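Me: I have a model to look at before I go back to the bench. Could you walk me through it?

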Amino acid sequence: MSSPSPRVDAAIADTPVVQYAQSQNKGTFESLVFDGTKSHNNIGLPKGSPLTRAVAAALQALMDEGTYQKVLDKWGLGNLELTAASTKQTPVEQ
């Protein structure tokens, strides 16, 4: 999402994308976030990858020592902080 066009009435994107675009285009548009929801991007790894637990542990370490929050804050996304890395798989509806 770059600078909104006057021809666009609405756009749908993940919360981090919309909030970042809004922070870069102050006063141009407003975002609607549904109460109680957070939308995050995920890291995709092959099923059964030995890296899965290592990546989750690395993310958890960043969360625990504060770097994760600092990065989110830097990009205006501090309200999207998670407190636990998860290896939960979310089924995709087809």
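**Surface, fold and one helix**

Reply: The protein chain has an accessible surface of about 7700 Å², and 55% of that belongs to carbon and sulfur atoms; accessible areas come from the Shrake-Rupley method with a 1.4 Å probe, and for residues only the protein chains shown count as cover. This is a predicted model, in which local features need pLDDT of at least 70 and side-chain atom pairs count only at pLDDT 80 or more, while totals for chains, interfaces and linings use all residues. Residues are numbered from 1 along each chain as its sequence is written, and side-chain values use heavy atoms, with hydrogens and water left out.

Me: How many helices and strands are there in the protein chain?
Reply: There are three helices and zero strands, taking helices (H or I, at least four residues) and strands (E, at least two) as DSSP runs numbered from the N terminus.

Me: And what percentage of the residues is buried?
Reply: Of the 94 residues in the protein chain, 16% are buried, where buried means under 20% relative accessible area, exposed over 50%, and partly exposed in between (1.4 Å probe, protein chains only).

Me: Which residues are buried in H3?
Reply: In helix H3, which covers residues 67-74, the buried ones are Tyr 68, Gln 69 and Leu 72. Seen down the axis of H3, its buried residues fall within an arc of 95°, so they line one face of the helix; the arc is that of the directions from the helix axis to the C-beta atoms. The face turned away from that buried side carries the exposed residues Lys 70 and Lys 74.

Me: What do the buried residues of H3 pack against?
Reply: They pack against helix H2 (51-65), with contact meaning heavy atoms within 4.5 Å.

Me: Why does Gln 69 count as buried?
Reply: Gln 69 counts as buried because its relative accessibility is 17%. Leaving aside neighbours within four places in sequence, Gln 69 is in contact with Gly 78 and Glu 81.

Me: Switching to the surface, which residues make the nonpolar patch?
Reply: Ile 43, Leu 45, Leu 51, Leu 59 and Leu 62 make a nonpolar surface patch of about 400 Å². Patches are made of residues with over 30% relative accessible area and no salt bridge (a side-chain nitrogen of Lys or Arg within 4 Å of a carboxyl oxygen of Asp or Glu); like charges are joined within 9 Å, and nonpolar side chains (Val, Leu, Ile, Met, Phe, Trp, Tyr) within 5 Å.

Me: Where does Leu 62 lie?
Reply: Leu 62 lies in helix H2, and at 35% relative accessibility it counts as partly exposed.
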